[in-house]
Amino acid sequence: MSIALKQVFNKDKTFRPKRKFEPGTQRFELHKRAQASLNSGVDLKAAVQLPNGEDLNDWVAVHVVDFFNRINLIYGTICEFCTERTCPMMSGGPKYEYRWQDDLKYKKPTALPAPQYMNLLMDWIEVQINNEDIFPTSVGVPFPKNFLQICKKILCRLFRVFVHVYIHHFDRIIIMGAEAHVNTCYKHFYYFVTELNVIDRKELEPLKEMTTRMCH
Ligand SMILES: [Zn+2]
């Protein structure tokens, strides 16, 4: 990432502390390996494949945390342009509207302005990945049985951030010169969720045309 772009990302006030992997743990090693494979000229399609002998849950865990950190930053770059006035609904064009639901305040799917939806979404994911019962950090502590199910939900919700950003705020991304960065992140995400089959195909519909052009 260029210095200019870094500044764009860092100036954001909604920047959240990153969830990090502890050095020395197996997951940290896996995280490093996943990162290293993304260096120059990388084939993203190959980079997302589960390495031989690695545990699927570990592989998904490092990617979920990594995607959350990166997508959170991407939304952070445009969040000042995503307001209740510009985006009174959390939508992806006229055809798709997302409703928020959780176990707390919104027990029924509820239509919300995009910035409010995004905040709830990022907070909710942050709670999940910082929950030791779901994302254990100690060596030898197993993942819960429903781990992949939870990760699927996280990834499905993260995809909606891409949908909203691409359809409603991509002009800003271009003005900031972050287009290539966002596209690479999207491609990486798309290859990952389709390679490991961790997203419902109908979720991908809103960006289908773009994806066909971008990902081969
Ligand atoms: Zn918006």
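Guide: In this predicted model, two residues are in contact when heavy atoms of theirs lie within 4.5 Å. By that criterion, among contacts in the chain with a separation of 6 or more, 74% are made by residues 24 or more positions apart.

Visitor: How do you know which residues coordinate the zinc ion?

Guide: A donor must be an N, O or S atom within 2.8 Å of the metal, and the SG atoms of Cys82 and Cys87 together with the NE2 atoms of His164 and His169 lie at 2.0 to 2.3 Å, so these atoms count as donors. Along the sequence, the donor residues follow the spacing C-x4-C-x76-H-x4-H.

Visitor: Why is the site of the zinc ion called tetrahedral?

Guide: Four donors earn that name if all angles lie between 85 and 135 degrees; here the angles among the 4 donor atoms are 101 to 118 degrees, and therefore the site is classed as tetrahedral.

Visitor: Why does the pair of Cys87 and His169 tie together parts that are 82 residues apart in sequence?

Guide: Because Cys87 belongs to the loop between α4 (56-78) and β1 (91-92), whereas His169 belongs to the loop between α6 (147-168) and α7 (170-175), the pair ties together parts with that separation. Both Cys87 and His169 are buried.

Visitor: What makes residues of the contact of α6 with α8 nonpolar, polar or charged?

Guide: The axes of α6 and α8 (residues 179-195) come within 12 Å and cross at roughly 145 degrees, with contact residues including Leu155 and Phe162 of α6 and Asn183 and Phe189 of α8. Leu and Phe count as nonpolar, while Asn falls among the polar residues; the contact as a whole divides into 11 nonpolar, 1 polar and no charged.

Key
Residues numbered from 1 in each chain as written. Predicted model: local features only at pLDDT ≥ 70, side-chain atom pairs only at ≥ 80, totals over all residues. Heavy atoms only, no water. Donors = N, O, S within 2.8 Å, 3.2 Å for Na, K, Ca; no water. Tetrahedral: all angles 85-135°; square planar, octahedral: opposite > 155°, others 65-115°. Helix = DSSP H or I, 4+ residues; strand = E, 2+ residues; numbered from the N terminus. Buried < 20%, exposed > 50% of the residue type's maximum accessible area, 1.4 Å probe, protein only. Axes fitted to C-alpha atoms, helices over the stretch in contact; angles between N-to-C directions.
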